[in-house]
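Reader: I am new to this structure and should be grateful for a close look at a single part of it. Could you please describe the surroundings of the ligand?

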Amino acid sequence: MRKLIPSFRIQILILVLFLMVNAVLFFRNYFLDNLTSFNAGIDALEIESKIAQLHKTYASQLPSDQQAAFREDVEALLETEHQVRLARELFRKDIELYSYFIFIFLTAAALGLFFLSFNLISRPLKRLQEAAGELARGNWTIQVRENRFSPLNDLIVSFNQMVTELEESRRKLVQVEKEMAWRDMARVMAHEIKNPLTPIRLSLDRLEAKVHAGSDQIQEVLEAVVRVIREEVTNLQTLAGEFSQFARLPEAQLRPLKLGPFLEDILQPYRECGVTLALEPGPDAIMGDRVQLKQVVVNLVQNALQASGESPEIQVGVTSGKEEIVLWVSDRGKGIEPDQLEKIFEPYYTRREKGTGLGLAIVKRIVENHGGTIHVTSQTGKGTRFELRFPTTDMSAEGKAP
Ligand SMILES: Nc1ncnc2c1ncn2[C@@H]1O[C@H](COP(=O)(O)OP(=O)(O)O)[C@@H](O)[C@H]1O
Ligand SMILES: [Mg+2]
């Protein structure tokens, strides 16, 4: 459809040609009108026939010696009339010729004018258009060449200035964002590391005191201290793992994966904690990275468990559509307030005492790396449902699935 509309250049050219042809036609008609009325005047005289009439009427009445002279006069008159006719013809031809000259002259002038105005208006416009496109594609250093003679030069100057300022503020924004991200991470890290350090330190103090006092409970205390330290070190390891994973998530290794058997496998240990699997018959294959998708499911199930009370009711299921497969996790936990729903995927957003706020950020990143989307619905006090949509895959490679 767009192809049907001629470009700006063609539109201007058509307009110029139209005006030119009109001008030429006007001049031509003006001259030819004059000539016609001139001819009409002359024709009205009907010189030739009048002369012939005169000759006929008076020739016989003249004395015979004057008749020859009279005939010569009449012939001379007829000759003049003939020359007038020729002159008229020549005049008409001249006008035709002039109108061709005018036409050629006007064409040249119009084309010259057209290219000049095209260069001064249309070209800068085109450059601006291209620059705007470049800007949209993320080229923040694009500048349009200025042309002092173009009426659009002010626009170009403003555009260039705008781009420079945009780049400047974008740079500042990135800087601020980076700093904020680092500060957030440092804050969470410090908090998370300090937490297990306190019990470790207290346990060691206690052990030291017992040793100094020569207590006979040393064996017992030592065992308790080792238990505390081991537990806290495990927590720290998990934490470090989560942070490093968030910082450097390896690229997904996509292979055909049937979600049914896959989920049965990883949810086995959670069966006793109230997690059930709801599988429907139908295609359930996607292109996925087993390790990363396991992390996704475990994160969602763990969040659901943490949001549920004493007797969790958590369902994990797969629903297959025509073009996508939905993997969902729903619980009957405490739910999420509507104004928090958007925030839960942000890194470091947590409402748990011991949370890092990285779980859902990692989940979202993995799902998006799989070409999928994640969506959450929740009702406070009733429960939460996460839906992960993945594009389906043709399972002709079923047998090859790892
Ligand atoms: N199933 C759920 N029910 C209620 N709240 C949830 C659920 N899943 C996540 N949340 C909320 O989202 C927050 C962020 O989750 P997440 O990114 O996994 O970080 P973390 O688990 O470390 O807090 C949680 O602190 C919790 O408040
Ligand atoms: Mg979590």
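Author: The following account deals with the site of ligand 1 and then with a pair of aromatic rings. The model is predicted, and the description should be read accordingly.

Ligand 1 occupies the space of the largest pocket. Around ligand 1 stand 19 residues, and the closest of them are Asn303, Thr350, Arg351, Thr356 and Leu360. By character, the shell comprises 8 nonpolar, 8 polar and 3 charged residues.

Several elements of the fold contribute to this shell. Helix 7 (290-307), helix 8 (359-369) and strand 7 (383-391) supply at least two residues each. The greatest contribution is that of helix 7, which provides 3 residues.

Particular polar atoms may also be named. On the side chain of Asp331, a polar atom lies 2.9 Å from a nitrogen atom of ligand 1. The backbone takes part as well: an N or O atom of the Thr356 backbone is 2.9 Å from an oxygen atom of ligand 1, and a polar backbone atom of Gly357 lies 2.9 Å from an oxygen atom of the ligand. Ligand 1 would expose 530 Å² if taken alone, and the protein buries 94% of that area.

Strand 7, one of the contributors to the shell, also leads to the aromatic rings. The structure contains 2 aromatic pairs; one of them joins Phe345 and Phe386 in an edge-to-face arrangement, with 6.3 Å from centre to centre and 90° between the planes. Phe386 belongs to strand 7, whereas Phe345 lies in the loop between strand 5 (324-331) and helix 8, so the pair ties together parts that are 41 residues apart in sequence.

Notes:
Residues numbered from 1 in each chain as written. Chains lettered and ligands numbered in written order. Predicted model: local features only at pLDDT ≥ 70, side-chain atom pairs only at ≥ 80, totals over all residues. Heavy atoms only, no water. Near = heavy atom within 4 Å. Polar contact = N/O pair within 3.5 Å; in protein donor to acceptor, adjacent residues only side chain to side chain. Areas by Shrake-Rupley, 256 points an atom, 1.4 Å probe, with all protein chains shown as cover. 1 Å grid on protein atoms, 1.4 Å probe; cavity = no way out; pocket = protein on both sides within 12 Å on 5 of 7 lines; lining within 4 Å. Sits in = over half its atoms within 2 Å of the grid points. Helix = DSSP H or I, 4+ residues; strand = E, 2+ residues; numbered from the N terminus. Nonpolar A, V, L, I, M, F, W, Y, C, P; charged D, E, K, R; others polar. Phe/Tyr/Trp six-rings, centres within 6.5 Å; stacked < 30°, edge-to-face > 60°.
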